[in-house]
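Please examine the sequence and the model displayed below. The paragraphs that follow lead through them step by step.

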Amino acid sequence: MLKALIFDVDGTLAETEELHRKAFNETFAEFGLDWAWNQALYGELLKVAGGQNRIRHFIETGQPKQAGDFVDRVAELHRHKTQTYGRLLAGGQIRLRPGIKDLILQAINKGVRLAIATSTSRINVDRLFAATLGEAVLEHFDVICCGDDVAEVKPSPQLYLLALKKLQLPPENCLAIEDSEIGLSAARSAGIPAIITVSTYCQQDDFTGAQEIMTDLVSGNFAL
Ligand code: XBP
Ligand code: MG
C-alpha cells in the first residue's frame, strides 16, 4: 500500500538545471575564470550530482585554466553559485513541471505522506517553493532530505535510506519520483519503487528498473 511519495527536486519538480548552469557560469565569470559550461558539457557533468562534486570533477577531469588555484576554493565557488542561483530563482522564471501541483494536492487530500530526497541544498528547496507554490506548502512535507544531510549524494542510496528512516516506513510503502538515471539508481538501491518523469537533460539516460517512464505527471499519466 502506498503511504508516501518521495520527490526528487531538480529536473523533477521543475526544470531547474538551466538556471543552475547559468549560476555556475556567472560564478566562474565573477571569479575571473574563463570556464564556461555549455549545454553539451553540462549534460555530461550532471552525471555527478551536487554542485561541489560537479565543480571538483570538472577541475580534475577537464583540467581548465587556473585549475590549480581553485582546487582548494571549491566550497567558496559553490557558496557564490548558491547565492547566484537564489537570485535567479527569485526572478520568477521557473515553473513547476506539469502535474506536480495537482499530485501534491491529491496526496495531501488522500493522506499520502510527502517527502523530498534531493542532492541539492535545503536553501534551494526553500527558494524553489517560495518561487512557485509558496514556502508554506513545505509544511505538508514530513521529511526533507538534502545533500547537506548525507556523506554521499545520488547515485548513493543514502538520501533515500535517510528519508525511509525519518518516515519510519519500509521501502515498499513508498514511491520515488525521479527524472534521472542516478536518481533512479539511488531509489532502487534503497529498495524503493520509482517512476520517471524524463527531464530535458536526461532524455538519453537508462531507466531500466523504473516502474513507469513518462513525459510528465499530468492526469491520465499518473494519479493516486
Ligand atoms: C540534482 C543536482 C543538483 C543541482 C545542483 O539534484 O545534482 O546538485 O544540479 O545543485 P536532484 P547544488 O537530486 O534534486 O536531482 O549546486 O545546489 O548542489
Ligand atoms: Mg533530479
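How many aromatic pairs does a search of the whole structure find? The structure is a predicted model, and the search finds 13 such pairs. A pair of aromatic rings is described by the distance of the centres and the angle of the planes. The rings of phenylalanine 31 and phenylalanine 70 serve as an example: their centres are 6.2 Å apart and their planes stand at 80°, so the pair is edge-to-face. The angle decides the matter, because planes over 60 degrees apart count as edge-to-face. Phenylalanine 31 belongs to the loop between α1 (17–30) and α2 (39–45), whereas phenylalanine 70 belongs to helix α4 (residues 67–70), so the pair ties together parts that are 39 residues apart in sequence. Phenylalanine 70 has a relative accessibility of 4% and therefore counts as buried, since the limit for a buried residue is under 20%.

Both of these rings are members of a cluster. Ring pairs link Phe24, Phe28, Phe31, Trp35, Trp37, Tyr42, Phe58, Phe70 and Tyr201. One member of this cluster, phenylalanine 24, also has a charged neighbour: lysine 81 lies over the face of its ring, at 4.6 Å from the ring centre. The charged end of lysine 81 sits over the ring of tyrosine 85 as well, at 5.0 Å from the centre of that ring.

The next topic is the sheet. Strands of a sheet pair through backbone hydrogen bonds, either parallel or antiparallel. In this model, six strands form an open sheet with parallel pairing, in the order β3-β2-β1-β4-β5-β6. The strands β3 (141–145) and β6 (212–214) stand at its edges; each has a single partner strand, so one side of each is left without a neighbour in the sheet. On average, neighbouring strands of the sheet are turned by 20° against each other, direction ignored. At one edge, β6 pairs in the parallel sense with strand β5 (residues 194–197) over three bridges. One bridge can be located by its residues: threonine 197 has methionine 214 in β6 as its bridge partner.

Strand β4 offers a view of the interior. Alanine 176 lies in this strand, and with a relative accessibility of 0% it counts as buried. Beyond residues up to four places away in sequence, alanine 176 touches Ile6, Tyr160, Ala187, Ile192, Pro193, Ala194 and Ile195. Its C-alpha atom is separated by 8.7 Å from that of alanine 4, although the two residues are 172 residues apart along the chain.

Tyr160, one of these contacts, is also among the buried residues of helix α8 (residues 158–167). The others in that helix are Leu159, Leu162, Ala163, Leu164 and Leu167. What covers them includes the strands β1, β2 (113–117), β3 and β4 together with helix α9. After α8 comes glutamine 168, which has a positive phi near 55°.

Which residues are the protein donors of the magnesium ion (ligand 2)? They are Asp8 (OD), Asp10 (O) and Asp179 (OD), lying 2.2 Å from the ion. Their spacing in sequence is D-x1-D-x168-D. Aspartate 10 is found in the loop between β1 (4–7) and α1, and aspartate 179 in the loop between β4 (174–178) and α9 (181–189); the pair thus links distant parts of the chain, 169 residues apart. Aspartate 10 is buried, with a relative accessible area of 12%, and aspartate 179 is buried too, with 5%.

Conventions:
Residues numbered from 1 in each chain as written. Chains lettered and ligands numbered in written order. Predicted model: local features only at pLDDT ≥ 70, side-chain atom pairs only at ≥ 80, totals over all residues. Heavy atoms only, no water. Pairing = 2+ DSSP bridges. Helix = DSSP H or I, 4+ residues; strand = E, 2+ residues; numbered from the N terminus. Axes fitted to C-alpha atoms, helices over the stretch in contact; angles between N-to-C directions. Phe/Tyr/Trp six-rings, centres within 6.5 Å; stacked < 30°, edge-to-face > 60°. Buried < 20%, exposed > 50% of the residue type's maximum accessible area, 1.4 Å probe, protein only. Lys NZ or Arg CZ within 6 Å of the ring centre and 35° of its normal. Donors = N, O, S within 2.8 Å, 3.2 Å for Na, K, Ca; no water. Contact = heavy atoms within 4.5 Å.
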